[in-house]
Structure formats: C-alpha cells, structure tokens
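This briefing covers the charged pairs, the nonpolar cores and one backbone feature of the structure shown below.

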Amino acid sequence: MKQKKLTPANLLLGLLGTLFLLSLCVTLTLNARFLYYQDLDALSQESGLPAEEIRANYDALIDYNSMFFHGELSFPTLPMSEHGQIHFEEVKQIFVFLQYACIISGILFLSGAWLQLRKKRYGFLFTTWVISTVFPLLVGLLAALNWDWFFVAFHHLLFRNDYWLFDPATDPIIDLLPDSYFFRCLVVIAVLMVVLTQGCGLLYRRFAKKKPTP
C-alpha cells in the first residue's frame with residue numbers, strides 16, 4: 001500500500017523539522033565568527049581602529065547573544081546609547097529564542113522521526129523537504145531582488161520601534177557592522193538550509209524505494 005505523505009503527523013513533523021533546520025542554521029551562522037573576521041582589515045582602514053579592537057567589540061556582541069550569557073552588553077572600547085542598548089536586548093531575545101527553539105524542536109523532531117522510521121514511514125521526510133525548500137526560496141528571492149528593501153522590511157517585521165536606526169555618533173558599533181556582513185550571513189544560512197533540506201529529500205527518495213508499511 002502506498003504511504004500517504006500529507007498526514008497530520010507528517011505535516012507536524014515537517015513544520016518541526018523546518019523550525020529545527022532553520023534555527024540550527026541561524027545559530028551556526030551566528031557563531032561562525034570567521035564570516036566577520038575576514039572584513040577586519042577593510043573595517044580597520046575605514047574606521048581607523050586597530051583590527052584587534054574591532055574584533056574585541058564584535059566578540060563582545062556575539063558573546064552577549066548567547067543563551068548562556070547573563071548580564072548587560074558592554075563594548076570594550078565603544079560607547080553605546082540607551083536606544084542602542086534596548087535594540088541589542090531585543091536582538092538577544094530573538095537569538096535566544098532561536099537557540100531554545102533549535103534544542104526543543106530538534107528533540108521533538110528527532111524523536112518523532114525515530115518513531116516514524118521504526119514503523120518504516122517516511123512521509124515526514126517529504127513534508128520536511130518541501131516546507132524547508134519553499135521557505136528559503138521565497139526569502140532568498142526577496143533578498144536577491146532588492147536587498148535594501150528586504151533589510152528594512154525585515155527590521156520592521158521584527159521590531160516595534162526604530163531603535164535599529166543607529167546614529168554612528170552615539171553608537172559607533174554600527175559602522176563596524178556593514179550590510180555586506182549581514183548579506184553574507186544570509187547567504188550562509190540559505191546554503192546550509194539547502195544542503196540540509198536536500199539531505200531530507202535524498203533520504204526520502206532512498207527510503208521510499210523500500211517496501212512501504214501502511
């Protein structure tokens with residue numbers, strides 16, 4: 001008997017799998033500091049600050065966004081306005097949410113996947129594959145068509161205020177976080193999603209060749 005793909009269990013696992021893969025890709029990219037380090041020399045020339053000083057301030061920001069960090073953000077050598085501090089607190093809440101989402105959705109998805117695989121039911125791989133493919137494609141298409149619009153729209157979607165519009169005079173860290181870095185991060189997230197998603201598709205096609213269980 002041919003297995004049904006679009007069952008409630010498969011759709012639920014597909015959504016959990018997509019959340020797991022997306023939050024995992026974002027968390028991995030956030031901690032991939034080398035993506036930023038390759039710009040240190042250029043940023044040093046533009047800002048006049050030593051590369052090591054720029055790196056120290058960036059590291060402080062990334063450390064702050066960890067779910068294991070408790071306390072307030074403090075840059076080693078740069079000032080920060082009250083609005084800047086509020087914005088970074090809001091950013092941290094998003095990243096911490098994604099880190100917890102990665103753990104929780106990962107446990108639920110992998111547990112559900114293990115149960116389904118034991119029963120030789122593979123439809124959840126198909127739904128995970130489809131949902132995880134469509135979402136990055138839509139986001140990637142919007143970003144590729146107009147990066148500036150996408151960047152602004154993204155901030156309007158996530159934040160209820162305009163504190164993300166930094167004044168370099170009061171929050172000089174903004175000059176050390178160029179759009180090119182955020183675009184590079186988005187590309188890495190998209191590539192990771194494609195690799196993991198296609199992995200689900202390959203597994204589905206492989207398992208689907210086996211004798212199904214109704």
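A salt bridge is counted here where a side-chain nitrogen of Lys or Arg lies within 4 Å of a carboxyl oxygen of Asp or Glu. Under that rule, this predicted model contains 4 salt bridges. One of them pairs Arg-33 with Asp-59, with 3.1 Å between the closest N and O atoms.

**Salt bridges around Arg-33**

- The bridge between Arg-33 and Asp-59 connects distant parts of the chain, since Arg-33 is in the loop between helix H1 (8-30) and H2, Asp-59 is in helix H4, and the two are 26 residues apart.
- Asp-59 has a relative accessibility of 16% and therefore counts as buried, the cut-off being under 20%.
- Arg-33 also forms a salt bridge with Asp-63, at 2.6 Å from N to O.
- This pair likewise links distant parts of the chain, with Asp-63 in helix H4 and Arg-33 in the loop between H1 and H2, 30 residues apart.
- Asp-63 counts as partly exposed because its relative accessibility is 35%.

**Extension of the network within helix H4**

- Asp-59 forms a salt bridge with Arg-55 as well, where the closest N and O atoms are 4.0 Å apart.
- Asp-59 and Arg-55 are 4 residues apart in helix H4, so about one helical turn separates them.
- Arg-55, at 32% relative accessibility, counts as partly exposed.
- Through shared partners, the salt bridges join Arg-33, Arg-55, Asp-59 and Asp-63 into one network.

**Nonpolar cores**

- In soluble globular proteins, nonpolar side chains tend to be buried together.
- The largest nonpolar core has 21 residues, of which Tyr-36, Phe-75, Phe-88 and Ile-173 touch the most other members.
- At least two residues of this core come from each of helix H2 (34-37), helix H3 (40-47), helix H4 (51-64) and helix H8 (179-208).
- H4 provides the largest share of this core, with 5 residues.
- Ile-173 touches Asn-57, Phe-75, Leu-78 and Phe-88, when residues up to four places away in sequence are not counted.
- Another core, of 19 residues, lies apart from the largest one and includes Val-26, Ala-113, Phe-124 and Cys-200.

**Backbone at Lys-120**

- Most residues other than glycine have a negative phi.
- Lys-120, a residue other than glycine, has a positive phi, near 60 degrees.
- Lys-120 is located in the loop between helix H5 (82-118) and helix H6 (123-145).
- The relative accessibility of Lys-120 is 45%, so this residue counts as partly exposed.

Conventions. Residues numbered from 1 in each chain as written. Predicted model: local features only at pLDDT ≥ 70, side-chain atom pairs only at ≥ 80, totals over all residues. Heavy atoms only, no water. Core = buried A, V, L, I, M, F, W, Y, C linked by side-chain atoms within 4.5 Å. Buried < 20%, exposed > 50% of the residue type's maximum accessible area, 1.4 Å probe, protein only. Contact = heavy atoms within 4.5 Å.
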